[in-house]
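Here are my notes on this model. Please read them with the structure open.

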Amino acid sequence: KFLGQHRADIRGRCLELGDAYYITKFGDGQARQIDVLHYTAGNPDATIVADLTNAPHIADNSFDCIIFTQTLQMIWDMNAALDTLHRILKPGGVLLLTTSGISKIGRRLGRDDWGEYWRLTAPAVERLAAERFPGSTAVVTPYGNVLSATAYLQGLALEELEPDELDFCDPDFEVIIGARITKAAVSKAAA
């Protein structure tokens, strides 16, 4: 729902992690160049191999849109990763970020290649956006309610709930937090 609402932002040069599934699904063919970032070598879809906490080889101001779904909670140094995302996003470009609120653990050290470290709230995402993307505009939207949170924790499938049961949002039960962050445009004084 979040990406569908912001499909007009998926244009120009776009970056997604792991594969280009959401760029392809929601981009309506407006992406002129698609890049896929992966943390380690070996992903045949990857055009960029990088650790977002330390990626000086990715050029500044490169991307019009970055789709960063369900990944922030997997990065220990999230501030460094957000700083990189800010640096590589073009002025006026858009970061479409989602992260987990209420959820089960998705990854475990020793079982998967990476851990899962954080659970965030909408106010935390707002503060991170303000601190890591100075002067930018951020719209943070929580999704979820007590029924969807319970269903998610119980492992129920999307098809087992009615659309109106999912569409109702209760700010006390944030299952997913979406953030549309628009990087501040370069001021005329700085240009």
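1. Start with the sheet. Seven strands make up an open sheet with mixed pairing. Their order across it is E3-E2-E1-E4-E5-E7-E6. Keep in mind that this is a predicted model.

2. Next, the edges. Strand E3 (48-49) and strand E6 (137-143) each have a single partner strand, so one side of each has no neighbour in the sheet. In general, strands of a sheet pair through backbone hydrogen bonds, parallel or antiparallel.

3. How do E6 and E7 run relative to each other, parallel or antiparallel? The two are antiparallel, and seven bridges join E6 to strand E7 (residues 176-182). To find the register, look at Thr137: its bridge partner in E7 is Thr182.

4. Then the overall make-up. The protein has six helices along with its seven strands. From the N terminus, the order is α-β-α-β-β-β-α-β-α-β-α-α-β.

5. On size, the radius of gyration is 17 Å. A compact globule of 191 residues would come out near 16 Å, so the value agrees with that expectation. Along the principal axes, the C-alpha atoms fill a box of roughly 50 × 40 × 35 Å.

6. On packing, 41% of the 191 residues count as buried. Take the contacts with a separation of 6 or more: 67% of them link residues 24 or more positions apart.

7. Last, the surface and the charges. The exposed area is about 10,200 Å², with 54% of it supplied by carbon and sulfur atoms. There are 18 positive and 25 negative side chains. The centres of these two sets lie 7 Å apart.

Technical notes: Residues numbered from 1 in each chain as written. Predicted model: local features only at pLDDT ≥ 70, side-chain atom pairs only at ≥ 80, totals over all residues. Heavy atoms only, no water. Helix = DSSP H or I, 4+ residues; strand = E, 2+ residues; numbered from the N terminus. Rg over C-alpha atoms; globule rule 2.2 N^0.38 Å. Buried < 20%, exposed > 50% of the residue type's maximum accessible area, 1.4 Å probe, protein only. Contact = heavy atoms within 4.5 Å. Areas by Shrake-Rupley, 256 points an atom, 1.4 Å probe, with all protein chains shown as cover. Lys, Arg positive; Asp, Glu negative; His and termini not counted. Charge placed at Lys NZ, Arg CZ, Asp CG, Glu CD. Pairing = 2+ DSSP bridges.
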